[in-house]
6 protein chains.
Amino acid sequence: MQVSARNALKGTVKKVLPGLVNSEVIIEIAPGVEVTSIITKTSADNLKIQEGSQVYAVIKATDVIIATD
Amino acid sequence: MQVSARNALKGTVKKVLPGLVNSEVIIEIAPGVEVTSIITKTSADNLKIQEGSQVYAVIKATDVIIATD
Amino acid sequence: MQVSARNALKGTVKKVLPGLVNSEVIIEIAPGVEVTSIITKTSADNLKIQEGSQVYAVIKATDVIIATD
Amino acid sequence: MQVSARNALKGTVKKVLPGLVNSEVIIEIAPGVEVTSIITKTSADNLKIQEGSQVYAVIKATDVIIATD
Amino acid sequence: MQVSARNALKGTVKKVLPGLVNSEVIIEIAPGVEVTSIITKTSADNLKIQEGSQVYAVIKATDVIIATD
Amino acid sequence: MQVSARNALKGTVKKVLPGLVNSEVIIEIAPGVEVTSIITKTSADNLKIQEGSQVYAVIKATDVIIATD
């Protein structure tokens, strides 16, 4: 499947913090560079996401805000 | 300034593609790992974003979709 | 590829309105029920989206606002 | 009230799954075609959403990602 | 119509900047406090938005990022 | 830090409702005008947000939907 979102960052799941409602998933996309995703617990279970899973962090370009010091 | 968004990925601007309405900004957040952001041209001008600028890609955790092959 | 977004509505592209910056894509997901998506022209070209294409409208559950009369 | 969001899909609430924090609302927008929304429990209570309610699924066109096989 | 989005800020349109693709709408929600919205030109035309129009700025609570100095 | 989001509304925190997963933060941006934000509890703790805190409500212009009666 291809998606129209401009960012599909390949990475490895470092940690999954299942909550009551949502699950927090920490993905390493490069040595020492992590992206945090929050998805519903249902989705995390459906996708069988666990430590070591190979995943893509899919992010729309319009959802990336730029900040400068 | 601190922000509540869980992801603030430090990186270097590789390319700025100014459009009529929006500007496309390509940020390298790790060797060979790029994030594309689309912001309004006004914002790109206000923040004086250009190639080589040090910036943060700020992304809410709830805006990160996870995909698996 | 599976995605964590809870909505992946299968449909047929009815119309593509390419703009300078973005392309507007009208997808029929059921007889007489259409969903409008706006993606960047680059993405529309990359995915070779045209009238008749079979696609999925992928929407996060948290991006669906509910309104009542 | 009219909204600027390009998608206002009329439908019937099939199921409401109240959680501690959020409520999951399943809306049938065409025979066999369902859209899942996650809103805060407060909003679900304020709008008195229950099975059989007639509602609109309001979705911005820029929040609709397109995927192709 | 009621919406599940937690913020519906009543205000007066101060300025409309029609672009090729999108229109920028500046809304005064309190003396000296303005909110900028970017919607498609089609939506701005459909809603007949012009200077002086009474409108609501509808914003999901999950789309409000908090920043501190 | 400057951000590309077009709205950075300065205000005072009126109420913080910590939940299990998320925290609801009510910000007064003008006398009698409040904005509700929902962020993760982790973020609320990290930013030490409490009643009386001076904060900014950061909102992308594309996340502001316009509604008219």
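**Symmetry, strands and an interface in a predicted model**

Laying chain E on chain D takes a turn of 180° and a shift of 0.0 Å along the axis, and the RMSD is 0.0 Å (a least-squares superposition on the C-alpha atoms of residues with pLDDT of at least 70 in both copies). The two copies are thus related as by a two-fold rotation axis. In chain E, the C-alpha nearest that axis belongs to E:Met1, at 2.7 Å. Both copies use the same surface, as 100% of the contact residues of chain E turn up again in chain D (contact means heavy atoms within 4.5 Å). This is a predicted model, where local features need pLDDT of at least 70, side-chain atom pairs count only at pLDDT 80 or more, and totals for chains, interfaces and linings use all residues. Residues are numbered from 1 along each chain as its sequence is written, chains are lettered from A and ligands numbered from 1 in the order in which they are written, and side-chain values use heavy atoms, with hydrogens and water left out.

Now for the strands (DSSP runs of E, at least two residues, numbered from the N terminus). Six of them make an open antiparallel sheet in the order S1(D)-S6(F)-S5(E)-S2(E)-S3(E)-S4(E); strands count as paired if DSSP finds at least two bridges between them. At the edges sit S1 (2–3) of chain D and S4 (33–40) of chain E, each pairing on one side only. Inside chain E, S2 (residues 7–18) and S5 (residues 54–59) run antiparallel over six bridges, with E:Lys10 opposite E:Tyr56.

In chain B, strand S3 (residues 22–30) is mostly covered, with eight of its nine residues buried (under 20% relative accessible area, 1.4 Å probe, protein chains only). Six bridges tie S3(B) to the antiparallel S2(B), and the two form a hairpin with three residues in between. S3(B) also pairs with S4(B), again antiparallel, over eight bridges. B:Ser23 faces B:Pro18 as well as B:Ile39 in S4(B).

Chains A and B each put 32 residues into their contact. About 2,900 Å² is buried between them, 61% of it on carbon and sulfur atoms (accessible area, 1.4 Å probe, lost on being put together and summed over both parts). On the chain A side, A:Tyr56, A:Val64 and A:Ile66 lose the most area, together 20% of what that side buries. Two salt bridges are counted between the chains (a side-chain nitrogen of Lys or Arg within 4 Å of a carboxyl oxygen of Asp or Glu). B:Arg6 forms one with A:Glu24, the closest N and O atoms being 2.8 Å apart.

Key
Buried < 20%, exposed > 50% of the residue type's maximum accessible area, 1.4 Å probe, protein only. Helix = DSSP H or I, 4+ residues; strand = E, 2+ residues; numbered from the N terminus. Buried area = accessible area lost by both parts, 1.4 Å probe.
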